[in-house]
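Open the model in your viewer and keep the selection box handy. We'll hop from spot to spot, picking things out as we go.

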Amino acid sequence: MKTVKIISLLFICFLVFSCKSRKEDQVANNESFKNNRPPRHENGRRPGPPPGGGGRVRNYVATDSDEAVEKLHPAFEAFNKEATDIFLSNNGRTVTIETTGLPDHETIYWGKNHELYRDEPSVERTPSIMSSNNNAITLVVDAVPNLTGKTINTNMGTIGIAVSGASIFNDQEGGGALDRAAASLDWTGGHIGPGVYHYHLEPKAFSYNDDKLVGILRDGVFIYGRKCFETGDYPTNLDASGGHTGITQHSNGKAEYHYHIINELYSTTGSYIVFAGPYQGY
Ligand SMILES: [Zn+2]
Ligand SMILES: [Zn+2]
């Protein structure tokens, strides 16, 4: 009887110890990622998702019935090559977008002393800056959106990747309306917190009242600025998501479904929500 007691006591000690050291490993991993980003592979891709604030988000899962493509869509050429690695995956049925999440434009969120730091006295900056934050995300999207008429609501967190390499979020902040956090948004509609640096409002750094590509959303549909390439003007036939079918500067003369930033001012922000949903392409 005594031996059984001693053995179980030893076992409990072992369990407690191994849990503790695993936790310490995790903390150490997070710390070292911040200071030491994993090196790129020879093919230019970074190995696996990084630990910490960024990481993989709930991604598209390919099925056999999904259409495959042989080449990346020409619109991906517009993405920030310094931040992103974009390639076909699942035998051409999906596109994997790996990004550092670090945009190629100025913002207060770079922090003083960074060459892209912008002094924005009216912005109530949140505590994090780019270098103290893990902004990396890997997103896997459908190579050909499933436009079946089914719609799916957006969630909190990354809903898309902008051409700058940074994340796009919807019209919610921490479960409430964006108004609460509007003061912390920088000149280009972005901020940090919680999680990765992300845009809520029209990202003026690369699309301002024009037809420029803004990014790609998680359903595999591209999103453009407030104007449409086909007419050079604000589109008038958008669905509830801001989408319609038409020619873009990247569609080789063929009509394809895409979203626009809807040309309606959002609340008291004086600007425009990038995308509030629902997705049309899942
Ligand atoms: Zn936010
Ligand atoms: Zn359009």
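Start by selecting Ser241. Is Ser241 buried or exposed? Ser241 has 22 C-beta neighbours inside 10 Å, so it counts as buried; the cut-off for that is 20 or more. Bear in mind that you're looking at a predicted model. Ser241 sits in the loop between strand 12 and strand 13. Now add what Ser241 touches, leaving out residues up to four places away in sequence: Tyr259, Gly277, Pro278 and Gln280. Pick Ala276 as well: Ser241 and Ala276 are 35 residues apart in sequence, and their C-alpha atoms are 7.2 Å apart in space.

Next, colour strand 13 (243–247) and strand 14 (residues 255–260). These two strands pair in the antiparallel sense over five bridges. At one place along the pair, Gly243 stands opposite Tyr259 in strand 14, the same Tyr259 that Ser241 touches. At another, Ala255 of strand 14 is the bridge partner of Ile247.

Now show the whole sheet around them. It's an open sheet of eight strands with mixed pairing, and the order reads 9-10-6-5-11-12-14-13. Which strands stand at the edges? Strand 9 (190–192) and strand 13 do, each with a single partner strand, so one side of each has no neighbour in the sheet. As you look along the strands, remember that in a regular strand the side chains alternate between the two faces of the sheet.

Step across to strand 12 (222–224). Strand 12 pairs with strand 14 in the parallel sense, over two bridges, and Tyr224 has His260 of strand 14 as its bridge partner. Select Ile223 and bring up its contacts, leaving aside neighbours within four places in sequence: Gly160, Val214, Gly215, Leu217, His258, Tyr259, His260, Val274 and Phe275.

From Ile223, go on to the largest nonpolar core, which has 49 residues. Those touching the most other members are Ile168, Val214, Leu217, Ile223, Val274 and Phe275. Which strands each supply at least two residues of this core? Strand 3, strand 4, strand 5 (160–162), strand 10 (197–199), strand 11 (213–217) and strand 12 do. In soluble globular proteins, nonpolar side chains tend to be buried together.

Two of those contributors deserve a stop. Strand 4 (residues 137–142) has six of its six residues buried, so it is largely enclosed by the rest of the structure. Its antiparallel partner, strand 3 (residues 94–99), is joined to it by six bridges. To see one of the pairings, select Ile97 and its bridge partner in strand 4, Leu139.

Move on to Met156, in the loop between strand 4 and strand 5. With 13 C-beta neighbours inside 10 Å, Met156 counts as partly exposed. Glu173 is 17 residues away along the chain, with 7.6 Å between the two C-alpha atoms.

Finally, zoom out and colour by pLDDT. The chain averages 85, and 78% of the residues score at least 70. Over residues 12–52, though, the pLDDT is below 50, and this stretch has 27 contacts in the model beyond near neighbours in sequence. Where pLDDT is low, the predicted coordinates should not be read in detail. With everything on screen, the chain shows one helix and 14 strands, and 38% of its 282 residues count as buried.

Notes: Residues are numbered from 1 along each chain as its sequence is written. Chains are lettered from A and ligands numbered from 1 in the order in which they are written. This is a predicted model: local features need pLDDT of at least 70, side-chain atom pairs count only at pLDDT 80 or more; totals for chains, interfaces and linings use all residues. Helices (H or I, at least four residues) and strands (E, at least two) are DSSP runs, numbered from the N terminus. A residue is buried if 20 or more other C-beta atoms lie within 10 Å of its own, exposed if 12 or fewer, and partly exposed in between; C-beta atoms are placed from the backbone. Two strands pair if DSSP finds at least two bridges between them. pLDDT is the predictor's confidence in each residue, from 0 to 100. Two residues are in contact if their C-beta atoms, placed from the backbone, lie within 7 Å. A nonpolar core is a set of buried Ala, Val, Leu, Ile, Met, Phe, Trp, Tyr and Cys residues joined through C-beta atoms within 7 Å.
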